[in-house]
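Open the model in your viewer and keep the selection panel at hand. The stops below go from a surface network to the strands and then to the interior.

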Amino acid sequence: MALPWALAVLSLLPLLNAQSSSCVNFTVPITNAVVDQISGKWFPVGLAYRIPMYKLLTSVFQSSFLYFDINRTDDTVLVRQYATILDQCVYLYYHLKMQKENGTLSRPFMGTELFGYLILTQDPGIFILAFYPEDKQNMGLTLYADKPVLTLEQKRQFQEQVICMGLEESDIVYVDEKKDQCGPLEKEHNEEMKKEKDAKGPKEGGK
């Protein structure tokens, strides 16, 4: 199970350990509008890493998509991730904490609470997560999109942020959604959730 865990860290590591940067404002609060924007299904389609271990992992990380299910009552995020690794579908399920005032997300990792910052762009169909922005040896970025294929403008915005953070355009790896092997498992899970919802019946008042 070491590889799936490492891949989960790879796709969400930008949520961990992010620090201030001149490129973006990391102190923007997470408003209800932002919660609405980042909820639902997203594709981590662009990766840019300096850490050799994670650059190696990108070679086996073929494609992925996630569901962010945000609980507004306790400010937690349930993440359901489907990752295709070496032509095999791996399903991951975990929680993040959300600190709205600071614009941060966090999760326990190796005995500590690791924090990260959400970077919004001009395009509501994408957002970027960054980590170690001030550490040239360990910095990295992940681009999330609401569709598996990016437009040229979305790529341009990501490339600008990558260069601004001190990375090279050659560090970018784009995920190939054609290699996805998780479609059948996602369909199976969605059917199971629909059956559970139907079994509970309508709420009082027909709502």
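Partly exposed here means a relative accessible area between the cut-offs for buried, under 20%, and exposed, over 50%. The model is predicted.

**Stop 1: helix 4**

Select Glu 153, which has 36% relative accessibility and therefore counts as partly exposed. Add Arg 156, partly exposed as well at 32%. The two form a salt bridge whose closest N and O atoms are 2.4 Å apart. Both lie in helix 4, residues 152-164, and because they are three residues apart there, about one helical turn separates them.

Now add Glu 160, which is partly exposed with a relative accessibility of 47%. The side chain of Glu 160 meets that of Arg 156 in a salt bridge, at 2.2 Å from N to O. Glu 160 and Arg 156 are four residues apart in helix 4, so again about one helical turn lies between them. With the three residues selected together, you have a network of salt bridges linking Glu 153, Arg 156 and Glu 160.

**Stop 2: a neighbouring pair in sequence**

Select Asp 146 and Lys 147. They form a salt bridge in which the closest N and O atoms are 4.0 Å apart. Is Lys 147 buried or exposed? Lys 147 has 52% relative accessibility, so it counts as exposed. Asp 146, at 35%, is partly exposed. The count of salt bridges in the model comes to eight.

**Stop 3: strands 1, 2 and 3**

Select residues 61-71, which make up strand 2; nine of its 11 residues are buried. Then show strand 1, residues 40-49, which pairs with strand 2 in the antiparallel sense over three bridges. To see how they face each other, pick Lys 41 and find Tyr 67 of strand 2 opposite.

On to strand 3, residues 76-85. How many bridges join strand 2 to strand 3? There are 10, and the two strands run antiparallel. One place to check is Asp 69, whose bridge partner in strand 3 is Leu 78. The hairpin of strand 2 and strand 3 has four residues between the strands, and in it Asp 75 takes a positive phi near 55°.

**Stop 4: the largest nonpolar core**

Select Phe 68, Val 77, Val 79, Met 98, Phe 127 and Tyr 144. These are the residues with the most contacts inside the largest nonpolar core, which has 31 residues. Elements that each supply at least two residues of this core include helix 2 (32-38), helix 3 (52-57), strand 4 (88-99) and strand 7 (126-131). Strand 4 gives the most, with five residues.

Centre on Met 98 and show its contacts. Leaving aside residues up to four places away in sequence, Met 98 touches Ile 30, Val 35, Ile 70, Asp 75, Val 77, Thr 104 and Leu 105. Asp 75, from the hairpin of strand 2 and strand 3, is thus back in view.

A second, separate core has 21 residues; to find it, select Ala 48, Ala 130, Met 139 and Cys 182, which are among them.

**Stop 5: Thr 104**

Finish at Thr 104, one of the residues that Met 98 touches. Thr 104 is found in strand 5, residues 104-109. Its relative accessible area is 4%, so Thr 104 is buried. Add Gly 116 and draw the distance between the two C-alpha atoms: they are separated by 5.4 Å, with the residues 12 apart along the chain.

Definitions and conventions:
Residues numbered from 1 in each chain as written. Predicted model: local features only at pLDDT ≥ 70, side-chain atom pairs only at ≥ 80, totals over all residues. Heavy atoms only, no water. Buried < 20%, exposed > 50% of the residue type's maximum accessible area, 1.4 Å probe, protein only. Pairing = 2+ DSSP bridges. Core = buried A, V, L, I, M, F, W, Y, C linked by side-chain atoms within 4.5 Å. Contact = heavy atoms within 4.5 Å.
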